Amino acid sequence: MTPHLVVEADGGSRGNPGPAGYGALVRDPETGEALAEVAEAIGHATNNVAEYRGLIAGLRAAAALAPGARLTVRMDSKLVVEQMSGRWKIKHPDMVPLAAAAREAAADFPAVTYEWIPRARNADADRLANEAMDAAARGEEWSRSDTGVPTREVPAGDTAAWSTATTTPLTTILLRHGETPLSVEKRFAGVGDHPLTDNGVAQARAAALALKDAGVEVIVSSPLTRCRATAAEVAAVTGLDVRTDEGFRETDFGAWEGLTFAEVGERWPDELKRWLADPKVAPPGGESFTTVARRVRSSLDRLRERHGGRTVLVVSHVTPIKLLVREALGAPLASLYRMHLDTAALSSIAWYADGPASLRSFNDTHHLG
């Protein structure tokens, strides 16, 4: 009986074009076991180039395991799936040689079927691709082997990740919501719908006045009440509508919601230590920072696509704002533990399509004077 393998592949860039990378894995369709994983930072490239590179790497990894196998390729890139299936023409000159290389790699198999899947079902390849993009953003030459262990990681010079940007950036002004009863008592406030205190409303109004002439063109808010109430104050002075984006809500802290650090430390001492040491660890019943980073990145991608070149106010929470700052700096996820963000604080990032992001300000509270 002819063996059957599944290839899952993904690729992307931070800025399109920007620091780019791909990830792919080969899976046993019966057990779901990942038989091989590959990923690589590829420098400065577009999303489509990175996606094709991920496909080629996945096909070659499968060929190394079983060149005579039947193959199912799953990707969340509609473009690559349709082009490789022969239903869409390949018009962009950069894609022609990549598609040819993919077809050559696929020639080792008696049958290859291409399937589009939503990003949520391509999470493992997406994870690998994002690790590669993180390395590319740091200016590193980086790849992963089949075992998932970094095989080379060479720090580049201080300016290797810098290039002169010429486009008008997407500018995100990041506003943390105003004070709540839980923030006063320094309690975990995640997906619970906590209202603003009277002081929190005053903070929101002060932020709104500071932003009145800041050139804000779009307001996007977390769907949670404390952010929507903060955003409403800015809307009142700018005349703009408020749109909500689920990706910018706070981390789900699960069983720790509403508790202080001391209370969590008494009830879950080992879990708290692991959570503080590793962004991949989630509170009991909650989300890890790694998981939150994926949805925040997806929301950032939507802003880039819909509002490139404009100034967008994002009203959000501690974790999503820190994650956007971390994304702009190309810093590791552990950097979240080294940032402090006050209620109603303002931060600003410029995201260039043809260059690195630029952190303009962080935790600015002058308006609360």
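Me: Helices (DSSP runs of H or I, at least four residues) and strands (runs of E, at least two) are numbered from the N terminus. This is a predicted model, in which local features need pLDDT of at least 70 and side-chain atom pairs count only at pLDDT 80 or more, while totals for chains, interfaces and linings use all residues. Residues are numbered from 1 along each chain as its sequence is written, and side-chain values use heavy atoms, with hydrogens and water left out. To start with the loops, where is the place of Pro 17?

Reply: Let's begin with the residue before the proline. Asn 16 is in the loop between S1 and S2, and a cis peptide bond with omega of about 5 degrees joins Asn 16 to Pro 17. Pro 17 is placed in the loop between S1 and strand S2 (18-27).

Me: What is the phi of Asn 16?

Reply: Some background helps here: most residues other than glycine have a negative phi, and most peptide bonds are trans. Asn 16 is not a glycine, yet its phi is positive, at about 45 degrees.

Me: Which residue stands opposite Ala 9 in S4?

Reply: Strands pair if DSSP finds at least two bridges between them. Strand S1 (residues 4-13) runs parallel to strand S4 (residues 70-75), and six bridges join them. The residue opposite Ala 9 in S4 is Met 75.

Me: And in S5, which residue is the bridge partner of Arg 70?

Reply: S4 also pairs with strand S5 (residues 111-116), in the parallel sense and over six bridges. Arg 70 has as its bridge partner in S5 the residue Ala 111.

Me: Moving on to helices, how do the residues of the contact of H1 with H3 divide?

Reply: Helix H1 (residues 47-65) and helix H3 (residues 95-106) have axes 9 Å apart and an angle of about 15 degrees (axes are lines fitted to C-alpha atoms over the stretch in contact, and angles run from 0 to 180 degrees between N-to-C directions). The two are therefore roughly parallel (under 35 degrees; over 145 is roughly antiparallel, 65 to 115 roughly perpendicular and the rest oblique). Contact (heavy atoms within 4.5 Å) involves residues including Tyr 52 and Leu 59 of H1 and Leu 98 and Ala 102 of H3. Counting Ala, Val, Leu, Ile, Met, Phe, Trp, Tyr, Cys and Pro as nonpolar, Asp, Glu, Lys and Arg as charged and the others, Gly among them, as polar, the residues divide into twelve nonpolar, one polar and two charged.

Me: How many salt bridges does a search of the whole structure find?

Reply: A salt bridge is a side-chain nitrogen of Lys or Arg within 4 Å of a carboxyl oxygen of Asp or Glu. One of them joins Arg 127 and Glu 37, at 3.3 Å from N to O. That pair links distant parts of the chain, 90 residues apart, with Arg 127 in helix H4 (residues 123-137) and Glu 37 in strand S3 (residues 34-45). The search of the whole structure finds a total of 25.

Me: Which strands does helix H7 touch where it packs on the sheet?

Reply: Six strands make up this open, mixed sheet, in the order S10-S9-S11-S8-S12-S13. Its edge strands, each pairing on one side only, are S10 (242-244) and S13 (358-364), and neighbouring strands are turned by 25 degrees on average, direction ignored. Helix H7 (residues 225-238) makes about 170 degrees with the direction of S9, and the strands touched are S8 (170-176), S9, S10 and S11 (311-316).

Me: In that sheet, which residue stands opposite Ile 349 in S13?

Reply: Strand S12 (residues 346-351) pairs with S13 in the antiparallel sense, over four bridges. The two form a hairpin with six residues between them. Opposite Ile 349 in S13 stands Leu 359.

Me: At what angle do the axes of H10 and H11 cross?

Reply: Two packed helices are described by the angle between their axes and the distance between the axes. For helix H10 (residues 289-307) and helix H11 (residues 318-329), the axes come within 10 Å and cross at roughly 75 degrees. That makes this pair roughly perpendicular, the crossing angle being roughly 75 degrees.
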